[in-house]
Amino acid sequence: MSQRVIVTGGSGGIGAAIVERFAADGAAVAVLDRRAPSGGSASFFAVDLLDPLDTRRAVGEAIETLGGVDVLVNCAGIFQHASLLDITVDDWDRVLDINARATLVTMQAVAPVMLEAGRGSIVNIASMAAKHGGGGEGHYAASKAAVVALTRAGAQEWGCHGVTVNAVCPGYVLTEMGADTRSEADVAAWSAKSPLGRLGIPEDVAGVTHFLASPAGGYLTGQAINVTGGMIMH
Ligand SMILES: NC(=O)c1ccc[n+]([C@@H]2O[C@H](COP(=O)([O-])OP(=O)(O)OC[C@H]3O[C@@H](n4cnc5c(N)ncnc54)[C@H](O)[C@@H]3O)[C@@H](O)[C@H]2O)c1
C-alpha cells in the first residue's frame, strides 16, 4: 500500500521538496502549513502551529482524509538572527513554540494511530544548529536541540510498537529562510565550510528524509542525521 504522509511546513522550500519526493513514490501526502503550497500534489490543511488546539484539529483532519497515517515529517520552522543579549522573551517563546512545542503536539497527535497500527515513521527536521555553537541564533539552536531530544524520547518510548523516530539536521540550505539577511559573502563563507564546497538544496534533505521513512531506513531510530555537506561530522 502506498504511504500516507503528513508534512508540516510542506509549502516551504525544504518541505515542498519532501512532499514531491514522497509523491513521486506514489504516496498520499497532506500538507499542514499556514500558507497554501504552490504545487498541487498534496491535500492542504491550513493551520497556525503556534496554536496547539488548531494543530490537533488539523492533524486529525489530515489523518481522516488520508484514511490513516504512516509517516509524519515535522518540517515547519522559523529562524531569527539575534545575539543572546537581544533575544526577548517573546522571541524565545515564538521560536520555541513553533519549532519545538508544535513538534511535540503533532507527534502526540499521530502517535496513537501509529501505535495502534504497530508501525510508523516520524522524521523531525532539526538543524546543525542543534549540535554546533548557536552564536547569533541561541534561541533557534535551543529549539532544534529540543527537537533532537524529543526525537530520542519518541524513539525510546515508541520503538517497542514498531514506530521509528529520527531527526535530520540540515546545514545551510538555500530557501526563503534566512534569505532576507543573506549576502553573497555569506554564501561563499558557508560554502567553504563544506568539503563539497556548496550549500545544500532542498532535495538533499528530502532524499534523506524519504530514506528514513522507507524500509531501507527501518533499523534507524533515535538518530540525528547531518545533511550538511560535511560542515559538521558529529
Ligand atoms: N534553510 C536552512 O538553511 C535550514 C537549515 C537547517 C534547518 N532548517 C529547517 O528546515 C525546516 C524548513 O525550512 P525551510 O528552509 O524550508 O524554510 P521556509 O521558510 O522556506 O519554510 C518554512 C515553512 O514553515 C511554515 N510555517 C512557519 N511557521 C508556521 C506556523 N506558525 N504555522 C504553520 N506553518 C508555519 C511556513 O509557512 C513555511 O512554508 C525548518 O524547520 C528549518 O528550521 C532549514
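How are α1 and α6 oriented to each other? They are oblique to each other, a label for angles outside three ranges: under 35 degrees (roughly parallel), over 145 (roughly antiparallel) and 65 to 115 (roughly perpendicular). This is a predicted model, where local features need pLDDT of at least 70, side-chain atom pairs count only at pLDDT 80 or more, and totals for chains, interfaces and linings use all residues. Residues are numbered from 1 along each chain as its sequence is written, and side-chain values use heavy atoms, without hydrogens and water.

**Helix pair**
- The axes of α1 and α6 (lines fitted to C-alpha atoms over the stretch in contact, with angles from 0 to 180 degrees between N-to-C directions) come within 8 Å and cross at roughly 50°.
- Contact (heavy atoms within 4.5 Å) involves Gly13, Ile14, Ala17, Ile18, Arg21 and Phe22 of α1.
- From α6 come Pro202, Glu203, Val205, Ala206, Thr209 and His210.

**Largest pocket**
- A pocket is an open set of points on a 1 Å grid over the protein atoms alone, where a 1.4 Å probe fits, with protein on both sides within 12 Å along at least five of seven lines; lining residues have an atom within 4 Å of a point.
- The largest pocket is lined by 49 residues.
- Gly77, Ile78, Phe79, Met177 and Gly178 lie nearest its centre.
- α3, a helix (a DSSP run of H or I, at least four residues), gives the most to this lining, with five residues.

**Second largest pocket**
- Its lining has 15 residues.
- Nearest its centre are Gln3, Ser121, Ala213, Ser214 and Pro215.

Technical notes
Helix = DSSP H or I, 4+ residues; strand = E, 2+ residues; numbered from the N terminus.
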